[in-house]
Amino acid sequence: MSFTMDIIKKMLPRGYQRKYVAHQVFIAITYFKDLVPAVEEFVYRDGSRKNLMNLTGIIPVVYKDKSYNIPICVWIEPNYPNVAPMCFVKPTHEMIIVKGKYISSDGKVRMPYLKDWKKGEGDLFSLLQVMVAVFGEFPPLAMRPYPEPEQASCWLQFNRQEDGRYCVSLPRGDGQPFQQENETSC
């Protein structure tokens, strides 16, 4: 879906500076094309809930000369730009959060740019640029380590037939024996 400033303005719940926030979101998604605006329920630490505008998707980060897509979510509260957005990395199932100087164990982004936020000095686009730069130095996510599957020696996977041929023995997916001789090919 293509988002115009008018569409974004209409998405915003009451309490937002609609024109200003819509403009900020529009600029951010113009440059970061893999971010999508949405209004969803945010649950605060105290259990309270509120429908907030957010930008969800990926930002491109270069780390050690390789490009990575970092999934993020930036939550914008109604009193933005008076308060900084709440930013989180959103690891996929294959990823783990790398807790560190700028990332908490729950994936919350904690950077000086957010900590020192002042109305009129910070904006969404600059925030995203700072995240790209910081994540390029301190990656917030890593691939989940999976144990290497143990493999038998190649020769243990083959069965020698009476005529001298070697065949691979494969079990059927349902655990039942094969009914016909050529259900597997040697």
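In the predicted model, Ile-59 has Ile-70 of strand E3 as its bridge partner, a pairing that belongs to the register between strands E2 and E3, which run antiparallel and are joined by eleven bridges. The hairpin formed by E2 and E3 leaves two residues between the strands, and within this hairpin Lys-64 adopts a positive phi near 50°.

On the other side of the register description stands the pairing of E1 with strand E2 (residues 49-63), where nine bridges connect the antiparallel strands. Here Ala-38 finds its bridge partner in Asn-54 of E2, and Val-39 stands opposite Met-53 of E2. The side chains of a regular strand alternate between the two faces of the sheet. The hairpin of E1 and E2 has five residues between the strands, among which a positive phi near 95° is taken by Gly-47.

Taken together, these pairings form part of an open sheet of four strands, ordered E1-E2-E3-E4 and paired in antiparallel fashion. Strand E1 (35-43) and strand E4 (86-89) are the edge strands, each pairing on one side only, and from one strand to the next the twist averages 35°. Helix H2 (residues 18-31) packs on this sheet, where it touches E1, E2 and strand E3 (66-76), with a direction that makes about 25° with that of E2. Helix H4 (residues 124-137) likewise packs on the sheet and touches E1, E2, E3 and E4, its direction making about 45° with that of E2.

How values were computed:
Residues numbered from 1 in each chain as written. Predicted model: local features only at pLDDT ≥ 70, side-chain atom pairs only at ≥ 80, totals over all residues. Heavy atoms only, no water. Pairing = 2+ DSSP bridges. Axes fitted to C-alpha atoms, helices over the stretch in contact; angles between N-to-C directions. Contact = heavy atoms within 4.5 Å.
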